[in-house]
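Work through the exercises below with the structure on screen. Try each task before reading its solution.

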Amino acid sequence: MNRMNGKIALITGGAAGIGLKAAQMFAEEGATVYALDVSDKALNALKDVKLADGATGKIVGKKLDVSNAAEVDKVVEEIHSAHGKIDCLVNNAGITADATLHKMTEEAFDRVINVNLKGVFLMSKAVAAKMTAAGKGSIVNTSSIVGVQGNFGQTNYSAAKAGVIGMTYTWARELGRKGVRVNAVAPGYTWTEMLATVPEKVIKMLEEKTPMQRLGQPEEIAKTYLFLASDESSYITGQVIGVDGGLKL
């Protein structure tokens, strides 16, 4: 359909998991996608990523620590200078460092907040300046079901993802009159690297609690990113869309 034909898209955490699946979809729909990631290994593996036959877009890997303001500003400026525009930003990068409250260290709290919350702020601030000057653009933030409902052992992650929702609502109000839409996706439990250390019995419990009786797939989240980034959602802003199979924790 080429829904993203000619668009310049930035996806943080774009070299692995949901971010990589989104990068593939966006490129297959015609976008030039910058997969921004801190992992050299994941970025190096992008050369082996295959796009569907006939895809008119491409994926460009670029190293970036979203929690570093100077790096963020530099990379955003480089991309904007190269193309003269940035059409969409997907704030997908995220990490976890789980522990119950009395065992969570200050370092673990700060690390998750810096990537999952501050990183969204820094990226959006830099990109929004370019989008508002152009009078158009779409920012898609990644929250989580635990940002809405909380979760055992995830004080830092829950706080960050709840903060993302608050920023989404605020920026939709601030930027809407300037032609920029801001929405969030709140995934439920999804099959990514983050679940690699979760015990099988916990996975089974989550599946049983989910009305659809299964966990999500990365492409199901990525499709929602794509919809919100594209012109198909031209009158949607300030929304948090749950993609969670109906799960209530």
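**Exercise 1: a helix and its two sides**

Task: compare the expected span of helix α3 (residues 69–83) with the distance between its end C-alpha atoms, then find which face of the helix is buried.

Solution. The model is a predicted one.

Step 1. Helix α3 has 15 residues, and at 1.5 Å a residue they should span 21 Å. The end C-alpha atoms of α3 are 21 Å apart, which agrees.

Step 2. List the buried residues, those under 20% relative accessible area. In α3 they are Val72, Val75, Val76, Ile79 and His80.

Step 3. Look down the axis of α3: the buried residues fall within an arc of 130 degrees, so they line one face of the helix. In general, an α-helix has 3.6 residues a turn, so residues three or four places apart point the same way.

Step 4. Turn to the other side of α3, where Ala70, Lys74, Ser81 and Ala82 are exposed.

Step 5. Find the cover over the buried residues of α3: it includes the strands β1 (8–12), β2 (32–37) and β3 (58–63), and also α4 (106–134).

**Exercise 2: a residue in helix α6**

Task: is asparagine 156 buried or exposed, and with which residues is it in contact beyond its neighbours within four places in sequence?

Solution.

Step 1. Asparagine 156 belongs to helix α6 (residues 155–175). The 21 residues of α6 should span 30 Å at 1.5 Å a residue, and the end C-alpha atoms are 30 Å apart, which agrees.

Step 2. The relative accessible area of asparagine 156 is 0%. The cut-off for buried is under 20%, so asparagine 156 is buried.

Step 3. Outside its neighbours within four places in sequence, asparagine 156 is in contact with Ala97, Met104, Ala108, Phe109, Val112 and Ile113.

Step 4. Other buried residues of α6 include Tyr157, Val164, Trp171 and Leu175. Among the elements that cover the buried residues of α6 are α4, α5 (145–149) and β7 (240–243).

**Exercise 3: a pocket**

Task: describe the second largest pocket by its volume and its lining.

Solution.

Step 1. The second largest pocket holds about 230 Å³ of space.

Step 2. It is lined by 15 residues, and those closest to its centre are Lys136, Gly137, Ser138, Gly179 and Arg181.

Step 3. Two strands, β5 (137–142) and β6 (180–187), each supply at least two residues of this lining.

Step 4. Sorted by type, the lining residues of the second largest pocket are 4 nonpolar, 6 polar and 5 charged.

How values were computed:
Residues are numbered from 1 along each chain as its sequence is written. This is a predicted model: local features need pLDDT of at least 70, side-chain atom pairs count only at pLDDT 80 or more; totals for chains, interfaces and linings use all residues. Side-chain values use heavy atoms; hydrogens and water are left out. On a 1 Å grid over the protein atoms alone, a cavity is a set of points where a 1.4 Å probe fits but cannot get out, and a pocket is an open set with protein on both sides within 12 Å along at least five of seven lines; lining residues have an atom within 4 Å of a point. Grid points are joined across faces, edges and corners, and a volume is the space filled by probe spheres set on the points. Helices (H or I, at least four residues) and strands (E, at least two) are DSSP runs, numbered from the N terminus. Ala, Val, Leu, Ile, Met, Phe, Trp, Tyr, Cys and Pro count as nonpolar, Asp, Glu, Lys and Arg as charged, and the others, Gly among them, as polar. The expected span of a helix is 1.5 Å times one less than its number of residues. Buried means under 20% relative accessible area, exposed over 50%, partly exposed in between (1.4 Å probe, protein chains only). The arc is that of the directions from the helix axis to the C-beta atoms. Contact means heavy atoms within 4.5 Å.
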